[in-house]
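Let's take a walk through this structure together, one piece at a time. Have the sequence at hand and turn the model as you read.

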Amino acid sequence: MPHRVPSTQIGRAFGFASMGASLILGSFTDSIAKSLGGGSSSSSTGSSSSGGSGALYNNFITESNAERLANALCRMRGAALKIGQMLSIQDETVLPPQIQAALERVRADIQAALERVRAGADVMPRSQLEGQLRSELGRDWEARVAEFDAEPRAAASIGQVHAALLHDGRQVAMKIQYPGVARSIESDVDNLMRLISIANILPKGMYVESAVKGSNEPYKFYMLLTLPKSMYEDGAVKVAKRELALECNYTYEAAAQQRFRQLVAADAELSRVFYVPEVIPELSSQQVLTTEWVNGVTIDKVAQLDQATRDLVGTWLLRLTLKELYDWRFMQTDPNWGNFLYDQQAGVLNLIDFGAAKEYPRAFVDNYLRMVHACAERNRQQVVDMSVQLGFLTGDESAVMLEAHTEAGFVVGLPFSTPGIYDFGAHSGMTPRVAELGSVMLKHRLTPPPEESYSLHRKLSGAFLACMKLRARVPCRDMFMQVYNNYSFGASDEEEQQQQQRSATA
């Protein structure tokens, strides 16, 4: 349904205020209705036993409020909609134990509402759409295409996608950014933080300073949990604002997509199963990105296919993730299931949306690989040593904190420590255990994680979560150990660049 996107800071601030007021009023009226009907919110599942936070959360997350939240997020787009998309992808077991019981009765309603959010936002009306295209591509933009479908094929948090036909017969996808989204990142995040703190809409431990980027991190979410304001102001919130601003820069995304396309094409193994669509520069700008059209179904739809296909796609995804980090050190860090389109007829996984692509320093990747290997080998001291070098620990932590931190690493590293085939469908107990350890670390941690970890853990946990969704059986340890045994430690970024230049001229 067309709804004009709020494009001014005042308009967006009013939208957030309206959202908060609607949820609070909705909670009040729902409570009255329950009381008049003979029930009460306090009698719903688990509120009496789960403590005050669970009861308060349950008051807000009602069936009608879930629908109000979904509608508001779809209208606002931008950072607001990213929150809804993150929640809709999350493994339900990451929710803190004190609110799990409170959510049981309404989980289906929440998930149904948020599934609509994940699928996409409301769309721009025609006048706003045409204004964006003229502003970005010029008044003659229509002359550069043979056909343009004004009805969007998809609508997401930052923009919507339209199909078009070029004069040479190529079908293309035109991603057009909502007006005002890029300018409002700072205020959107700040308004979201105010809304969270006032209304307690999201469960404690899923702080929007990490979630606002669309993070789905059930395995490393403990690194992104509640921080004192003085810590998260310099950490996750600033990272989220910076990364969201970069994702709104379609010029950057076009360059990242072209680079990724070259990397995939140059790899004989990956190029057989992955494809990155071509960018069309003459129809691209800061807020419009035009690329070759590709077909396929998203990961959640692949989960409905046969076991052999699910195993294959899960294995491909994990292999690509390891390649991105440990070989290219250049990673597409947004694991939204809609960014992976499986073309079953062609046997190809099409990769789209590179706005969150990020490069990692060689020294960081070296030590991170050592830490993951230590987790896989259950080498407690090595986990601690590498965690200190990387900045996850200071070295002054208590024994309780060190024990929880290393144990969480061992749980996360389980796929890489298990010989043979790892069955992601049979290991649903992983995330509750990490959540349990996370509650301990919240009390004892001394430092926020390094900035690199926010995007990296978003992608790594997203790959695991996709495999869980697929119930895939993957030779995780074999793939990881092959990477580890073939990895060259020690070369600096400058030395490696010089080596590549020598190899290119040889």
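Why does the distance between the end C-alpha atoms of helix 14 agree with its 22 residues? Helix 14 covers residues 307-328, and at 1.5 Å a residue it should span 32 Å. Its end C-alpha atoms lie 30 Å apart, which agrees with that expectation. Keep in mind as you go that this is a predicted model.

Stay with helix 14 for a moment and look at its two ends. At the start, a side-chain oxygen of D306 reaches to within 3.2 Å of the backbone nitrogen of A308. At the other end, the helix is followed by R329, and this residue has a positive phi, near 55 degrees. In between, helix 14 is mostly covered, with 16 of its 22 residues buried.

Now for the nonpolar interior. As a rule, in soluble globular proteins nonpolar side chains tend to be buried together. Here, the largest nonpolar core has 69 residues. Which of them touch the most other members? They are F260, F274, L325, Y326, Y368 and F416. Pick L325 from that list and see what surrounds it: leaving out residues up to four places away in sequence, L325 touches M331, Y360, V365, Y368, L456 and L460. Apart from the largest core lies another one, made of 26 residues, and V181, I185, L244 and V279 are among them.

Next, move to the strands, with strand 3 as your anchor. Strand 3 runs over residues 159-165, and five of its seven residues are buried, so call it mostly covered. Which strands pair with it? Strand 1, residues 147-148, is one partner, in the antiparallel sense over two bridges. Within that pairing, F148 has A164 of strand 3 as its bridge partner. Strand 2, residues 154-155, also pairs with strand 3 in the antiparallel sense, again over two bridges. There, A155 stands opposite Q160, and strands 2 and 3 make a hairpin with three residues between them.

Strand 4, residues 171-177, pairs with strand 3 as well, antiparallel and over seven bridges. Find Q160 once more: in strand 4, the residue opposite Q160 is I176. Strands 3 and 4 form a hairpin too, with five residues between them. In the turn of this hairpin sits G169, with a positive phi of about 95 degrees.

There's also an open sheet of three strands to find, in the order 5-9-8, with mixed pairing. Strand 5 (274-275) and strand 8 are its edge strands, each pairing on one side only. Strand 5 pairs with strand 9, residues 348-351, in the parallel sense over two bridges. In that pairing, Y275 has N350 of strand 9 as its bridge partner. One strand 5 residue may ring a bell: F274 is one of the residues that touch the most other members of the largest core.

From N350 you can step across to N339. Where does N339 sit? It is in the loop between strand 7 (330-332) and strand 8 (340-343). Is N339 buried or exposed? It counts as buried because its relative accessibility is 6%, below the 20% cut-off. The side chain of N339 reaches the backbone oxygen of D334 at 3.0 Å. Not counting residues up to four places away in sequence, N339 touches Q332, D334, N350, L351, I352 and D353. As for L349, it is ten residues from N339 in sequence, and the two C-alpha atoms are 9.9 Å apart in space.

Another polar residue to visit is S387, in helix 16 (residues 380-390). S387 is buried, with a relative accessible area of 0%. A polar atom of its side chain lies 2.7 Å from the backbone oxygen of V383. Setting aside neighbours within four places in sequence, S387 is in contact with M371, F392, L393 and H405.

Finally, take a look at the cysteines. How many disulfides does a search of the whole structure find? The count is zero. Two cysteines to locate are C248 and C375: C248 counts as buried at 4% relative accessibility, and C375 counts as buried at 7%.

How values were computed: Residues are numbered from 1 along each chain as its sequence is written. This is a predicted model: local features need pLDDT of at least 70, side-chain atom pairs count only at pLDDT 80 or more; totals for chains, interfaces and linings use all residues. Side-chain values use heavy atoms; hydrogens and water are left out. Helices (H or I, at least four residues) and strands (E, at least two) are DSSP runs, numbered from the N terminus. Buried means under 20% relative accessible area, exposed over 50%, partly exposed in between (1.4 Å probe, protein chains only). Contact means heavy atoms within 4.5 Å. A polar contact is a pair of N or O atoms within 3.5 Å; within protein, one must be able to donate a hydrogen and the other to accept it, and residues adjacent in sequence count only if both atoms are side-chain atoms. A nonpolar core is a set of buried Ala, Val, Leu, Ile, Met, Phe, Trp, Tyr and Cys residues joined through side-chain atoms within 4.5 Å. Two strands pair if DSSP finds at least two bridges between them. A disulfide is a pair of cysteine sulfur atoms within 2.5 Å. The expected span of a helix is 1.5 Å times one less than its number of residues.
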